[in-house]
Amino acid sequence: MSAKKSVRLAVIATLCLSGISSFAQIEFTETFTSNVANWRANSGGSNMTWVASGGPGGTNDAYASNPHISFAGNTDGQYPVIVRGHVGYGSSGGVFAGNWLTSGVYALTVDLRHNLGVPATVVIRTAGNPGLGTAIFPDTQLASDTWGRYVLPISADIAGYAVRSYEAGSFSANFAFVDKLQFGLVVPPGFGGSTNLYTLDVDNVGIRLSGTNGWGGETFSAASPTYDRWMYQFNMSSPAGNRPDAGTFMTDDNRFDYRDAQAYFAFSLTNDIPTGLGAENYEVLSCRVNITMGGGEAVYDDTQDGWETYLYPTNFVDSDSGRPMELFGAGWRNGFTPWTFGEDGAYPVPPLWDWGNTNAYVWKNIRNVYALGYKDGQPVDVSNSIDPDNTGTNGYDPVVFAIGKTDLTPGDSVPQGTTFAFDIDTANTNIQAYLANSLNDGIVSFVLASLHFSTQTNQTGYPIWDQKESVVGTPASLELTYRVAGSGPQLDIEQSGDVQVVRWPLSGARGLLEATKNLDPAATNGVWQPVFVQVTTNDTHIEAVLPKHTGTNDIGNTWFLRLRQP
């Protein structure tokens, strides 16, 4: 390759953050390690041939081969199917079958090699219901006797292909059900009618799912919170944050929040994670809070219980023993923030006095820091989710950030000293936004608010959690993996003659190369299109020759490129 030359094609972004969802389908790669996994050749009458060595990985890299290709019945330009994976054959156990749209499949990858002696165009075809097949021809031809890896984006709007046919279907119809994968070659000029036998080899057939095993996972951990506090109106510690433990329990006394005693934990991030970049530039890939039950009593329950089961008296029976440990975000009143509240911020004086039989203050819906969850997509104080209006009819089950898990069996008594792992639901878009805002602010806060029943005369039956001030307990800890926009693998462009190559580090192996002609998303040509490319790899980098097709799907010198982690 020649030295780098100045080109107008520009690299403008190397990381685009996106939401993460759950999938019905598993991600897989068929490596043909010990057999051909029931993949078949030509018309499907016989299995392919297994070869133990010589795949893309070299020695000891097995692959599947069809050494019996004949173009005797074809004319130039036709594209017979040479390799078939089919659920009906049991190919790869059928793991690629299903709805690729709802399962989050963003790319199909495959390594191919042929021995025609001339460059050839490959064809990749997916199919499902009769007549609903998609055949796509990459714009970059595959050289003879060379392994080439193809990355086919599963998108209605891609660049880098010469021909795409939906046959009798459409993008949405065809990829809503896929149970066949097929690979072939376009018959080169002069090969039509030939009775010679040729070979097509295949390896590493894979489907890639959004949000799995992405790059850029910077880690942060904290062995102790910066702030923790027993959020209970009768916390008599002085200062209020100087307490070794914090119990969490509920009450049915309607002068108080149902989630009466809560525990607050906050972790400063400012010395380790860059802050103030704008919430849109952060993505949290995983977040775990570990909290230890140093005292009290509880029965292990790892599922959320319906709000009706907490009403007293109630005709709704909880289907399992115990009550879950529920972790939420932290919401704020009266102008407080995590930084201004610290752990010694004021607990507000109740503005209402109950002039009835109780002659006592009403402490409901006033706390300055409260358990924040979501109802109908909106952030709410969940302290009274059981009975927000004292009618017993309008409760709701809030979206929790996490339910505490441990190695016990549900229904077991929880020994003192048990640590619960709270794995935050980063797939939830509202929780993801909360975490992104927290990283932008430099501090992430949580509230533990379990619903274990207690009264002033029955001060048992609820968990008590270690605080950082305990000399014998275990403080809460945080483990967080995140990405910051702009921190992904860097693209590099090189040109030799009319050939343009884009290169990026192996750390971006899961990235999807995208191109646009206009950085204005409102422009007619401002859509980012994933690019169908043939890639090669070495020990450190991945590189792709940019397609040169001159039609509407070309990648010319006036395009902008980026590498996106789906």
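**Group meeting: aromatic pairs, cores and confidence**

I'll start with one residue: tryptophan 465 is buried, with a relative accessible area of 0%. Keep in mind throughout that this is a predicted model.

What is the relative accessible area of phenylalanine 420? The value is 1%, and phenylalanine 420 is therefore buried, the cut-off being under 20%.

These two residues form one of the aromatic pairs, and the count of such pairs comes to 28. For phenylalanine 420 and tryptophan 465, the ring centres are 5.7 Å apart and the planes stand at 75°, so this is an edge-to-face pair. In the secondary structure, phenylalanine 420 belongs to strand E27, residues 418–423, and tryptophan 465 to strand E29, residues 463–466. The pair therefore ties together parts that are 45 residues apart in sequence.

Staying with rings, there is a cluster linked by ring pairs. Its members are Trp230, Tyr232, Phe234, Phe249, Phe256, Tyr347, Trp363 and Tyr462.

Rings also take part in contacts with charge. Which ring does the charged end of arginine 40 sit over? That ring belongs to tyrosine 89, and the charged end is 4.1 Å from its centre. Arginine 323 has its charged end over the ring of tyrosine 310, at 3.9 Å from the centre.

A further arginine, at position 562, is in strand E37, which covers residues 560–564. Arginine 562 has a relative accessible area of 14%, so with the cut-off at 20% this residue counts as buried. Its side chain makes a polar contact of 2.7 Å with the side chain of glutamate 514.

Now the cores. In soluble globular proteins, nonpolar side chains tend to be buried together. Here the largest nonpolar core has 67 residues, and Ile424, Phe446 and Leu478 are those with the most contacts inside it. A second core, separate from that one, has 45 residues, including Ile82, Tyr150, Phe191 and Ile207.

What does leucine 478 touch, leaving out residues up to four places away in sequence? Among its partners are Phe220, Ala222, Phe267, Leu269, Val289, Val444 and Phe446. Leucine 478 also touches Ser221, Cys287 and Arg288.

Last, confidence. The chain averages a pLDDT of 85, and 85% of the residues score at least 70. Where does pLDDT stay under 50? One such stretch is residues 1–8, with 17 contacts in the model beyond four places in sequence. Another is residues 12–24, where pLDDT is below 50 and the model has 49 contacts beyond near neighbours in sequence.

Definitions and conventions
Residues are numbered from 1 along each chain as its sequence is written. This is a predicted model: local features need pLDDT of at least 70, side-chain atom pairs count only at pLDDT 80 or more; totals for chains, interfaces and linings use all residues. Side-chain values use heavy atoms; hydrogens and water are left out. Rings of Phe, Tyr and Trp (its six-membered ring) pair if their centres lie within 6.5 Å; planes under 30 degrees apart count as stacked, over 60 as edge-to-face and the rest as tilted. Helices (H or I, at least four residues) and strands (E, at least two) are DSSP runs, numbered from the N terminus. Buried means under 20% relative accessible area, exposed over 50%, partly exposed in between (1.4 Å probe, protein chains only). A charge sits over a ring if NZ of Lys or CZ of Arg is within 6 Å of the ring centre and within 35 degrees of the ring normal. pLDDT is the predictor's confidence in each residue, from 0 to 100. Contact means heavy atoms within 4.5 Å. A polar contact is a pair of N or O atoms within 3.5 Å; within protein, one must be able to donate a hydrogen and the other to accept it, and residues adjacent in sequence count only if both atoms are side-chain atoms. A nonpolar core is a set of buried Ala, Val, Leu, Ile, Met, Phe, Trp, Tyr and Cys residues joined through side-chain atoms within 4.5 Å.
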